[in-house]
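Me: I have a structure to study and many terms to sort out. Can we go through them, one reason at a time?

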Amino acid sequence: MKKLIKAGMLGIGNVGRGTYQTLEMNRQKIYETTGLDIEIVKILNRSPEKDRGIYVPPEKYTQNVDDILNDPEIDIVIELIGGIEPATEYMARALSNGKSVVTANKAALAANGSKLAKIAQDNHVLLRFEAAVAGGIPILTSLTTALLSNRFTEVHGILNGTTNYILTQMSENGTPYEEVLRDAQAKGFAEADPTADVEGFDAANKLSILMSLVFGIGAGPDIIPTVGITSVGQEDIRYASENGYRIKLLASAKEENGKVYGNVEPALVPVSHPLASVGNEFNAVFVSGNAVDNLMFYGRGAGPLPTGSAVLGDVIGIARNLEKNSAYDLVPQLRFDSELEYAGEGSNKYYIRMMVPERAGVLGKIASMFGDYGISIEVMQQKAPYEVNGEAAASIIFIVYEVEKSKLIEALDAIRKEGVILSIDNIMKVE
């Protein structure tokens, strides 16, 4: 017998439109596969006069969120309004009212995931969020089902399509940053205000969620060291290309000796690594497990239909549990109960680009000062000199062996104060 599952949706922006469109496009197929008839019966739409590009029966729209949160016939609430508030409040109310929640809201989850997971547990309902980390890529479902038997040691992700598109175009076509950003905005890959993307904040929210799933720790984006891509120049890209690297904004975390280290920053990735080949607006997540070894998940990390597909995957999963009267987790997917300790970004290899005067003894002095701080140099490369403010100067590239970034910064500050360099132009991790 056909079972009707009713859902209410908060918001009908790009992701909401894609979610509704995907359901209408594939509703019959979903029914044939699952025996479930899923319908979005009410949609919170503050601007019903706005053209959304799809047809929705007007009677489905409401401007009052209570029409969804308090409707006893709605089993699932799909939160797609974005932002931390009022989204967190709405999700908390839905869960408290005995409704399962599906969301694509990485900011709200990164800020309040522990609170929401507890409310879901207390009310025997589900909180699902596949679309919050990598759009249409089913990374969270894989980590929490098929790969659950693994102990993971590392996770690395290209989690932001805007920055990956910009870096790809800068690398492949030599296009300046500002020009690529305008192009990305024109194509809908970047927001009018791209700050959250280009400064790495979006990726930090997503890494926070991944660290909870993979390592069971709560490390909010406010404590994850985060650097964006605005300092990446063509000289960095040329060096990377000439020496077998590509530059990617990586969100990375690893577990060593009872501690978890993680950060978001541009990194030089060897071209032999699968992540190096992920181009343009595509996303990828690379994980290492003690049983499965290395896996990479690749696909479109954004866009209405791919993200809508992930949202509906969660809705269908919850609907199947409702059909079996088992719609809650014994242990929530978002976990904050691990004995592991988050300990910052840890030790890494680093690339440093600096400008130095063309004078005898400068390189020896820099190398000696690195040694004073226990920092060993793997690579030193000097570019052809040119004139800067009437003085001959050269760009110097260093790659140093693993060191804590705080110690590297301390050494570079001392080198700067010694007056032997003109500027430090970039610092990036080397994978």
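Reply: Start with E378 and K349, which form a salt bridge. Keep in mind that the model is predicted.

Me: What makes E378 and K349 a salt bridge?

Reply: The closest N and O atoms of the two are 2.7 Å apart. The cut-off is 4 Å between a side-chain nitrogen of Lys or Arg and a carboxyl oxygen of Asp or Glu, so the pair counts.

Me: Which parts of the chain does this pair link?

Reply: E378 is in strand β14 (residues 377–382) and K349 is in strand β13. They are 29 residues apart, and the pair links distant parts of the chain.

Me: Why is E378 called partly exposed?

Reply: Its relative accessibility is 34%. Buried means under 20% and exposed over 50%, so E378 falls in between. K349 has a relative accessible area of 22%, so K349 is partly exposed too.

Me: How do you know that R353 and D236 meet in a salt bridge?

Reply: Their side chains come to 2.5 Å, N to O. That is within 4 Å, so the rule is met.

Me: What does the pair of R353 and D236 tie together?

Reply: R353 lies in strand β13 (residues 347–357), and D236 lies in helix α11 (residues 234–242). The pair therefore ties together parts that are 117 residues apart in sequence. Both R353 and D236 are buried.

Me: Why can such side chains pair at all?

Reply: Side chains of opposite charge can pair when their charged atoms come close.

Me: How many salt bridges are there by this rule?

Reply: The count comes to 25. One of them joins E431 and K429, at 3.3 Å, N to O.

Me: Are E431 and K429 buried or partly exposed?

Reply: One of each. E431 has a relative accessible area of 34%, so E431 is partly exposed. K429 has 2%, which is under 20%, so K429 is buried.

Me: Which residues are joined into one network by salt bridges that share partners?

Reply: R27, D37, E39 and K60 are.

Me: Now the rings. How many aromatic pairs does a search of the whole structure find?

Reply: It finds 4.

Me: What makes the pair of Y239 and Y351 tilted?

Reply: The ring centres are 5.5 Å apart, and the planes are at 45 degrees. Centres must lie within 6.5 Å, so the rings pair. Stacked needs planes under 30 degrees apart and edge-to-face needs over 60, so this pair is tilted.

Me: Where do Y239 and Y351 sit?

Reply: Y239 is in helix α11 and Y351 is in strand β13, 112 residues apart. Both Y239 and Y351 are buried.

Me: Why is M354 called buried?

Reply: M354, in strand β13, has a relative accessible area of 0%. Buried means under 20%, so the label follows. M354 touches residues including I366, F398, L412 and I424.

Me: Why is helix α7 called oblique to helix α8?

Reply: Helix α7 (residues 161–173) and helix α8 (residues 177–186) pack at an angle of about 130 degrees. Roughly perpendicular covers 65 to 115 degrees, and roughly antiparallel starts over 145. The angle fits neither, so α7 is oblique to α8.

Me: Which residues make the contact between α7 and α8?

Reply: From α7 come Y165, I166, Q169 and M170. From α8 come Y177, V180, L181, D183 and A184. The axes are 9 Å apart, and the crossing is right-handed.

How values were computed. Residues numbered from 1 in each chain as written. Predicted model: local features only at pLDDT ≥ 70, side-chain atom pairs only at ≥ 80, totals over all residues. Heavy atoms only, no water. Helix = DSSP H or I, 4+ residues; strand = E, 2+ residues; numbered from the N terminus. Buried < 20%, exposed > 50% of the residue type's maximum accessible area, 1.4 Å probe, protein only. Phe/Tyr/Trp six-rings, centres within 6.5 Å; stacked < 30°, edge-to-face > 60°. Contact = heavy atoms within 4.5 Å. Axes fitted to C-alpha atoms, helices over the stretch in contact; angles between N-to-C directions. Parallel < 35°, antiparallel > 145°, perpendicular 65-115°, else oblique. Left-handed = near helix turned anticlockwise from the far one by under 90°. Lists of a residue's contacts leave out its neighbours within four places in sequence.
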